[in-house]
Amino acid sequence: MSEDVLTIGGITFRSRLWVGTGKYASFQQTKEAVEASGTDVVTVAVRRTNITDPAQENLLDYIDPKVYKILPNTAGCYTAEDALRYARLARAAGISDMVKIEVIGDEKTLFPDNEALLYATKVLVKEGFIVFPYTTDDPIMCRKLEDAGAAAVMPLAAPIGSGLGIRNPYNLRIIMETVKIPVIVDAGVGTASDVAVAMELGADAVLLNTAIAGAKEPVMMARAMGLACEAGRLAYRAGRMPRKLYATASSPIEGMII
């Protein structure tokens, strides 16, 4: 699949499975899971994970920025101002010009505050960031984020960490038809089949964390997710057969000897 590359903001991504780094038992387990997934994109919560202080144990000692593309995120931020602060901190530390911008609007559901998200996206785009906004599966909001200059949109499949899988595939399809920028399905994935479904729908990539970190065997699940992503993408590109109400013989009946 070397010819099937994903390019966003002038950056070429080898893998369409992107993984997070939270909730693992240790940095070593994080490293092993990331390697098993086959990803080349790792997202890191600037507010919750040390990636800026070399005097303390640092995730980047385990996840080599020369090997992986580090995508800082603003997880845990409840205001646009906080999200902007942590995005700028990551860039000032030399981590990346890319940022996954999250502005949470509700503590119980962790749904995004789309109004604040749109504002933060506009500000960061003006400052030269490559912005990946995490949003609800709302086609109108995704279009507004595209108009604001977002490099891609990241609609949720289900609430963060829920493992419920893709709850509304129809909205995701509408988003893919509405915007011209890449669509990266983010949040709520539970297992490998969810990844395959997202890719078969036509998603450009899938980002997940808890589905791997929360598995009984995270490294094994990471490999399963990588394989599912590749299978789903191949199936999408191949084009599935039409659905039919009645059976159709697998072998032709012409020329049969009776």
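A disulfide is a pair of cysteine sulfur atoms within 2.5 Å. That cut-off can be applied to this structure, which is a predicted model.

Across the whole structure, a search finds 0 disulfides. Cys 142 is in no disulfide, and the nearest cysteine sulfur to its own belongs to Cys 229, 19 Å away. Why does Cys 229 have no bond to Cys 142? The closest cysteine sulfur to that of Cys 229 is the one in Cys 142, and the 19 Å between them is too far for a bond, because a disulfide needs the two sulfur atoms within 2.5 Å.

Are these two cysteines buried or exposed? A residue counts as buried when its relative accessible area is under 20%. Cys 142 has 0% relative accessibility and therefore counts as buried. Cys 229, at 5% relative accessibility, is also buried.

The next feature is the largest pocket. It holds about 650 Å³ of space. Its lining consists of 34 residues, and those closest to the centre of the pocket are Lys 23, Arg 48, Ala 75, Ile 160 and Asn 209.

Which helices and strands each supply at least two residues of this lining? They are the helices α1 (27-37) and α7 (210-213), together with the strands β4 (41-45) and β10 (205-208). The most comes from β4, which gives 3 residues to the lining.

Sorted by class, the lining of the largest pocket has 15 nonpolar residues, 14 polar residues and 5 charged residues.

Technical notes:
Residues numbered from 1 in each chain as written. Predicted model: local features only at pLDDT ≥ 70, side-chain atom pairs only at ≥ 80, totals over all residues. Heavy atoms only, no water. 1 Å grid on protein atoms, 1.4 Å probe; cavity = no way out; pocket = protein on both sides within 12 Å on 5 of 7 lines; lining within 4 Å. Points joined across faces, edges and corners; volume = space filled by probe spheres on them. Helix = DSSP H or I, 4+ residues; strand = E, 2+ residues; numbered from the N terminus. Nonpolar A, V, L, I, M, F, W, Y, C, P; charged D, E, K, R; others polar. Buried < 20%, exposed > 50% of the residue type's maximum accessible area, 1.4 Å probe, protein only.
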